[in-house]
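Q: Please give a close look at one part of this chain, the stretch where the backbone makes its less common turns and the elements that follow. Set it against the rest of the fold where that helps.

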Amino acid sequence: MKTDQLAKTIKKVVMSCQNVGLNVKSIICDQGSANIAAVNKLYNETKEYFIRKGEENRMFGVLIGEKEILPLFDCPHLLKSFRNNFFKYRAEFKWKKDSKEQANWDHIVKLFNVEQAESEDYKLCTN
């Protein structure tokens, strides 16, 4: 589905829910490029709405049916993206030292293996 059509469909579904008395607070999607583009379109429409009214946009979410709706990405896909990026790239960060440190998936595997050898009393990463 193209971006414009997906954004219209999202608005139509949310407004239909609102019309039957449901209080929609958020919409949830994965990180597919079509979904991100549709959410960005909804943000742009909200921004344009407030510009036309000459008001400041104080919303964190998007405006659908005169109510603020918060777009969220679902957790399983966020974790999957985190994992996939850790496979592919090194994460750079500063910690205790002024120089940049790096981490990658191998560090997580090493931690897991060390943890497996420890007794339950001394594990850092418990279930």
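**From a loop residue to the last helix**

A: Glu66 has a relative accessible area of 71%, so this residue counts as exposed. The model is a predicted one. Glu66 sits in the loop that runs between β2 and β3 (67-73). Its phi is near 65°, which is a positive value in a residue that is not glycine. Most residues other than glycine have a negative phi. A second positive phi, of about 65°, is found at Lys96.

Lys96 belongs to the turn of a hairpin formed by β4 and β5, with 5 residues between the two strands. Strand β4 covers residues 91-94 and strand β5 covers residues 100-103; the two pair in the antiparallel sense over 4 bridges. Two facing positions can be named. Phe93 has Glu101 of β5 opposite it. Lys94 has Lys100 as its bridge partner in β5, which places two lysines across from each other in the pairing.

Past β5 the chain enters the loop that leads to α4, and Asn104 lies in that loop. Is Asn104 buried or exposed? Its relative accessibility is 9%, so Asn104 counts as buried, the cut-off for buried being under 20%. Apart from neighbours within four places in sequence, Asn104 is in contact with Phe86, Tyr89 and Arg90. Asn104 also makes a contact at the start of α4, where a side-chain oxygen of Asn104 comes to within 3.0 Å of the backbone nitrogen of Asp106.

Helix α4 takes in residues 105-117, which makes 13 residues. From its first C-alpha to its last it reaches 19 Å, close to the 18 Å expected at 1.5 Å a residue.

The aromatic pairs in the model come to 3. One of these is the pair of Phe87 and Trp105, which is edge-to-face, with 4.7 Å from centre to centre and 65° between the planes. Phe87 is in helix α3 (residues 75-88) and Trp105 is in helix α4, so the pair ties together parts that are 18 residues apart in sequence. How much of each side of the pair is accessible? Phe87 has a relative accessibility of 48% and therefore counts as partly exposed. Trp105, at 26%, counts as partly exposed because of that value.

Helix α3 also holds His77. With a relative accessibility of 30%, His77 counts as partly exposed. The side chain of His77 makes a polar contact of 2.7 Å with the side chain of Asp74. Once neighbours within four places in sequence are left aside, His77 is in contact with Asp30 and Gln31. Asn44, by comparison, is 33 residues from His77 in sequence and 24 Å from it in space, C-alpha to C-alpha.

The rest of the fold gives a background to these features. The largest nonpolar core has 11 residues, among them Leu6, Ile10, Val24, Ala38, Leu42, Val62 and Ile69. Elements that give two or more residues to this core are α1 (3-19), α2 (33-53) and β2 (62-64). Of these, α1 gives the most, with 4 residues. Ala38 is one of the residues in that core. Aside from neighbours within four places in sequence, Ala38 is in contact with Thr3, Leu6, Ala7 and Ile10; of these, Leu6, Ala7 and Ile10 are core residues as well.

Val62 is another of the core residues, and it can be placed relative to Glu45. Glu45 and Val62 are 17 residues apart in sequence, with 8.1 Å between their C-alpha atoms. Glu45 lies in helix α2. Its relative accessibility of 25% is why Glu45 counts as partly exposed.

To return to the part in question: Glu66 is exposed in its loop, while Asn104 is buried in the loop between β5 and α4. Asn104 has its polar contact with Asp106 at 3.0 Å, and Trp105 has its aromatic pair with Phe87.

Definitions and conventions. Residues numbered from 1 in each chain as written. Predicted model: local features only at pLDDT ≥ 70, side-chain atom pairs only at ≥ 80, totals over all residues. Heavy atoms only, no water. Core = buried A, V, L, I, M, F, W, Y, C linked by side-chain atoms within 4.5 Å. Buried < 20%, exposed > 50% of the residue type's maximum accessible area, 1.4 Å probe, protein only. Contact = heavy atoms within 4.5 Å. Pairing = 2+ DSSP bridges. Expected span 1.5 Å × (residues − 1). Polar contact = N/O pair within 3.5 Å; in protein donor to acceptor, adjacent residues only side chain to side chain. Phe/Tyr/Trp six-rings, centres within 6.5 Å; stacked < 30°, edge-to-face > 60°.
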